[in-house]
Every structure is written in C-alpha cells, then in structure tokens.
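Dear colleague,

I am handing over the structure that follows, and below it I set out what was found in it. Please read the notes with the structure open beside you.

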Protein chains: 2
Amino acid sequence: MHEIQWRFAPSLVEDALKQILPDNLAPDSLAGHARLRQAMHYAVFSGGKRLRSQLVLEAAGVVSADFDALRALSAACSLEIIHAYSLVHDDLPSMDNADTRRGRPSCHKAFDEATAILVGDALLTLAFEIMTGDALGQDYAGDAATRLRAVQLIARAAGEAGMVGGQAVDITWSHGRAENVSRLQLLQMQAMKTGALIRVACEVGAVLGGGTNTQIQALSRYGEHLGRAFQIQDDILDVEGDPELTGKSATDTTNYKLTAPAFFGLAESKQLARESSEAAIAALQEFGDRAAALRQLAYFVVQRDK
Amino acid sequence: MHEIQWRFAPSLVEDALKQILPDNLAPDSLAGHARLRQAMHYAVFSGGKRLRSQLVLEAAGVVSADFDALRALSAACSLEIIHAYSLVHDDLPSMDNADTRRGRPSCHKAFDEATAILVGDALLTLAFEIMTGDALGQDYAGDAATRLRAVQLIARAAGEAGMVGGQAVDITWSHGRAENVSRLQLLQMQAMKTGALIRVACEVGAVLGGGTNTQIQALSRYGEHLGRAFQIQDDILDVEGDPELTGKSATDTTNYKLTAPAFFGLAESKQLARESSEAAIAALQEFGDRAAALRQLAYFVVQRDK
C-alpha cells in the first residue's frame with residue numbers, strides 16, 4: 001500500500017514509537033526487567049504496516065483544516081502498541097500456537113512464554129499510559145476531556161466487547177466448537193476481533209481532530225467497512241496468497257480457523273470485500289479531497305497481495 | 001482485618017463491581033463471548049480482601065473533609081479489577097503454575113488457559129474503560145484533568161516499571177536464574193510487583209480527593225511502607241501460616257520463589273515488617289484522626305494470620 005499519499009510520513013509514527021520504546025535501554029540491575037523491555041521492543045518493532053496509526057492521523061487531518069493533527073500522535077502510537085500486544089498474545093501456544101510472525105520467531109519463541117504474556121500485559125498498560133501522559137512532550141497533549149473520551153473509546157474497542165471478545169469467540173471456534181456457526185456470526189466475530197480497533201482508530205482521530213458528531217459518525221462508518229474489507233482480504237490471502245509475500249505460515253488453515261472463504265467461497269468473499277471497500281469510500285463523501293488518502297486506502301486494501 | 005473501621009462499608013465496592021460485571025448476563029449468540037464474560041466474573045468475585053479499593057476510598061476521605069470521596073469509587077473498582085487480572089495471569093502454567101487460588105480452582109483450571117489469558121487482557125482493558133467512563137453513573141465522574149492524572153498514575157504503577165515489571169523479575173528468579181540476587185534487589189522486585197499497586201491506590205485516592213501535593217506525597221509514602229509490610233507479612237505467612245487460613249497451597253516454597261524469610265531469616269523479616277508498618281503510620285502524622293482507619297490497617301497488616 002505504498003502508493004497511498006499519507007498526510008504524514010510513516011516515519012513520524014515510527015520515530016514516536018522509538019521515543020516511547022528506545023532500544024538503547026538504560027542499564028538495569030534487575031535482569032528480568034531488562035529482558036521484559038527488550039521483548040516489548042521486539043514485539044512493537046516487527047515490521048507491521050502501521051495501518052491503525054495512519055488511520056488515526058488521517059482521520060484527525062480530514063476533520064481539522066486548521067487543527068494540528070499531530071495532537072493525535074500519542075493515540076496513534078497507543079493503537080499500534082495495542083495491536084502489537086494482541087499479536088503477541090494471539091500467537092501463544094494456548095491460542096493460535098504460531099511459531100513465526102512476519103517471518104521472524106513469534107515473541108514467545110524468541111523469548112519464552114511467560115515473558116510473552118507479560119509483554120502483552122505491559123504493552124497494553126503502556127498504551128494507556130501514553131494516551132494519558134505526555135511521553136511525546138506537552139505539545140501532543142490536547143485538552144483533558146477530549147483525551148479522556150478518546151481513551152474511553154479505545155478501551156471499549158480493545159476489550160471484552162471488541163477485540164478481546166472477538167479473539168475469545170475465534171479460539172472457541174478454532175478449538176473445535178464451531179458447529180452451527182452462521183455467516184452473520186462469522187462477520188460479527190471479525191467485526192469484534194479486527195474491525196473494532198480499525199474502526200476506533202478512525203473515530204479517535206476524528207474526536208482528537210475536533211470533528212463534529214456527524215463527522216465522527218461518518219469516519220466511524222468508514223472504519224467499520226474498511227475493517228471488514230481488510231479482514232476478508234486477509235482471509236483471501238490466507239487461501240491464495242504467496243507465503244513469501246504475506247510472511248505468514250499457513251496456520252489459519254491448519255488450525256481450522258473459520259474464515260470468509262470457508263463460509264462464502266472465494267468468489268463471494270472477493271465480492272464482499274469489494275462491496276465493503278465501496279461502502280467505506282461512500283462514507284467519506286462529505287469530506288471531498290481532504291479524504292483522498294483514506295479513499296486510496298479503501299481501494300488498495302482489497303487489491304493488496306500481502 | 002475485620003477490626004478496621006473503614007469510612008465506607010466494603011459492600012460499597014462489592015456492589016459497584018457487581019454493577020460493572022453483573023452475573024445475570026444478557027443472552028449472547030456468540031458462545032465464546034459469553035464464556036469470556038463468565039470467566040471475568042469468576043476472576044473478580046473470588047473472595048479477595050478488597051484492600052486496594054478501600055485504600056483508594058480512605059485516602060480520598062483523609063484529604064477531603066467536604067469532598068465526596070465516592071468520586072474515587074470507579075478508580076477503586078479499577079484497581080480491584082487490575083489486581084484480579086494480575087492474579088489470573090500469575091497463576092498461568094508458564095508463570096507460577098498454580099492450580100488453586102483462595103481455595104478454588106484458578107481461572108485457567110476452572111476454564112482453560114486461552115480463556116484465562118483473555119480474561120486478564122479484558123479485565124485490564126476494562127479497568128481503563130471504567131476509569132475514563134461513567135459505568136457507575138455521572139455522579140462518580142469528577143473533572144477530566146484530575147481523572148486523566150489518576151489514570152496516568154495507575155497505568156505507570158501497573159505496567160513495565162511497576163507491577164508487570166516486578167512479575168517479570170520474579171519469574172526470572174523463580175525459573176532458576178536467581179544467583180547473586182541481593183537483599184536490595186529482592187525489596188526492589190517486591191516494591192514493583194506488589195508495592196506499586198498498593199502505593200498508587202493511596203496516591204490516586206489522594207489525587208481524586210483533591211489533596212494538596214504535600215498530602216499526596218504523604219499518602220504515597222504511607223502506601224509505599226504499607227506495601228512492603230504487606231508483602232513481607234505475606235512471605236512470612238507462606239512459611240508459618242496455616243494453609244487452611246491463607247487459602248494458599250505451598251507453591252511459593254515449592255516453586256523456589258525468593259521471599260523475605262529466605263533472604264533475611266524469619267526473625268529479621270518480622271522486624272522489617274514491623275518497621276515498615278511503623279514508617280507507614282509515621283507518614284500519616286499530619287492527618288490526625290481522619291487517618292484512623294489507615295493507621296489501624298498498617299497496624300493489623302503485620303498481625304494478620306491470613
């Protein structure tokens with residue numbers, strides 16, 4: 001998705017994350033503590049697409065012609081950190097049992113299982129510390145009530161009613177209790193597991209950018225449709241993608257995960273992804289040219305091959 | 001510790017937690033989601049002492065003669081929920097591998113390992129959702145800047161520099177890399193693992209109660225000393241406590257955990273606990289009679305037999 005003309009260079013988020021989690025760690029007299037911090041660094045800098053953070057910054061920019069969209073930078077970093085923690089826990093032996101992630105050993109393979117559990121816990125906590133503090137300097141703070149609202153939205157999307165709940169449903173199915181799952185239930189699980197965080201990225205960007213309620217709702221709809229398109233395309237790539245490009249082993253099929261192609265077939269899945277992409281683009285209508293990058297993203301997300 | 005005259009009845013926190021996590025769950029078409037919520041309920045209502053929440057409310061009451069200390073109720077519940085999550089993850093097979101907790105099967109035994117990991121993740125997220133929302137009604141909300149500061153303090157105490165970091169150090173030692181650990185390192189680990197959350201309970205109560213910086217610092221010192229007294233007494237009970245009363249199996253000794261008695265001997269550990277208790281009480285000097293319950297607590301914490 002390198003073709004997209006983002007408002008801010010991807011290096012902006014990358015540099016902010018490096019500031020939050022430096023790799024030249026201060027000497028630590030407690031070996032276990034130093035190891036934890038190394039493992040947190042390993043988990044966050046693992047070559048991800050940084051999609052969620054770009055969504056936060058873009059959504060902020062879309063609603064705010066004169067507002068400094070960089071005010072949304074700490075929320076952008078928080079979402080990347082929450083995403084990183086979720087991957088570490090998803091890969092654990094009792095969950096998806098994935099030995100590799102993006103072509104490298106998964107966190108519990110590179111370190112150990114206990115450390116990987118604690119890395120997830122520490123990253124999730126760090127996300128909220130960043131959102132409420134001024135790790136990136138006072139400039140990126142913003143007013144308290146707006147930040148509180150953003151934290152609230154993120155917590156709801158990341159928790160039991162959203163991402164974590166979706167993962168609970170997914171593992172219940174993939175661990176062998178998948179009889180009588182309906183198409184609607186599959187889409188509902190995916191909306192929780194993957195969709196909620198993508199959607200909230202757009203919402204939070206709009207909130208921190210000072211958007212009106214109508215604008216926040218429009219970007220929320222965009223995020224909802226984009227998230228579905230993204231997940232279905234991911235499922236399609238699991239079936240027909242080149243493992244060299246996706247960096248994934250075929251765990252999703254060996255683990256009997258329920259995916260869109262398994263339920264809808266490949267052709268209908270592709271159509272569903274395309275329709276979701278179009279619905280995402282339609283939600284951006286009122287923003288005109290300001291939403292060019294978000295439109296490109298919705299277009300490319302169903303074209304990508306990795 | 002039933003002798004303590006708390007400002008608020010313990011049922012206040014218990015009822016608030018029931019409001020946040022009801023046991024009459026709404027019907028859920030996604031079985032894995034319902035199971036997750038059951039397991040969250042199981043983890044939070046497990047017969048704990050609710051020490052951390054009482055500390056929040058007491059500290060708020062100590063600094064605020066005319067302020068409604070109930071404004072600190074959502075933070076009080078958050079700390080109980082964070083404590084509950086930490087126990088679920090601590091008990092996991094790759095961590096302390098504890099089959100029981102307070103006389104019942106631990107969460108991963110009552111449910112399964114994947115669910116227990118997700119319960120911890122969901123509870124930690126819920127804690128931040130509660131702190132930033134109005135799960136208990138608008139009355140308990142308080143002003144945004146103060147709440148943001150409280151969330152920030154809790155995130156810092158619960159994360160890599162506090163509770164999670166302490167657990168990382170502890171498991172590194174108990175998994176066999178405990179050569180050359182010094183007494184100071186043991187105390188530092190305990191200050192992170194157990195102390196940070198107890199200390200921040202007192203700080204956050206003082207912040208939400210509208211305390212002055214001097215008052216917040218005094219209650220922070222109280223919490224620091226109380227936390228050390230509490231942990232050392234816990235270690236002493238692991239050696240000489242009656243498992244019937246403590247509800248613990250002897251995992252701490254079978255797992256080769258490093259404890260205060262192992263480093264200081266039993267007699268010196270008892271003296272250290274007493275000194276910490278006295279230092280906690282000394283920190284309360286300026287508060288006079290308003291701090292009676294906190295004084296009683298510091299006294300009883302080293303007398304308890306469970």
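A residue is called buried here if 20 or more other C-beta atoms lie within 10 Å of its own, exposed if 12 or fewer do, and partly exposed in between, the C-beta atoms being placed from the backbone. Helices (H or I, at least four residues) and strands (E, at least two) are DSSP runs, numbered from the N terminus.

This is a predicted model, in which local features need a pLDDT of at least 70 and side-chain atom pairs count only at pLDDT 80 or more, while totals for chains, interfaces and linings use all residues. Residues are numbered from 1 along each chain as its sequence is written, and chains are lettered from A and ligands numbered from 1 in the order in which they are written.

On confidence, the predictor gives the complex an ipTM of 0.94 and a pTM of 0.94. Chain A averages a pLDDT (the predictor's confidence in each residue, from 0 to 100) of 90, and 91% of its residues score at least 70. Among the elements of chain A, helix α5 (residues 107-110) has the highest mean pLDDT, 98, and helix α12 (residues 251-254) the lowest, 48. Where pLDDT is low, the predicted coordinates should not be read in detail.

Turning to the two chains, a rotation of 180 degrees with 0.0 Å of shift along its axis superposes chain A on chain B with an RMSD of 0.0 Å, the fit being by least squares on the C-alpha atoms of residues with pLDDT of at least 70 in both. The two copies are therefore related as by a two-fold rotation axis. Of the residues of chain A, A:Ala144 comes closest to that axis, its C-alpha lying at 2.7 Å.

The contact takes 51 residues from chain A and 51 residues from chain B, where two residues are in contact if their C-beta atoms, placed from the backbone, lie within 7 Å. On the side of chain A that touches chain B, the elements that give two or more residues are α2 (31-44), α6 (113-132), α7 (144-158), α8 (163-174) and α9 (183-208) of chain A, and the largest share, 14 residues, comes from α6(A).

Helix α8 (residues 163-174) of chain B has 12 residues and reaches 16 Å from its first C-alpha to its last, close to the 16 Å expected, the expected span being 1.5 Å times one less than the number of residues. Of the 12 residues of α8(B), 11 are buried, among them B:Met163, B:Asp170 and B:Trp173. What covers the buried residues of α8(B) includes α2 and α6 of chain A, together with α4 (73-90), α7 and α9 of chain B.

Helix α13 (residues 260-282) of chain B, by contrast, has 23 residues but its end C-alpha atoms are only 23 Å apart, short of the 33 Å that a straight helix would reach. A kink of about 95 degrees in α13(B) is centred on B:Leu266, the bend at a residue being the angle between axes fitted to the seven residues ending there and the seven starting there. The buried residues of α13(B) pack against α10 and α14 (292-301) of chain B.

B:Asp235, found in helix α10 (residues 213-240) of chain B, is buried, with 24 other C-beta atoms within 10 Å. Not counting residues up to four places away in sequence, B:Asp235 touches B:Thr259, B:Ala260, B:Pro261 and B:Ser269.

With best wishes
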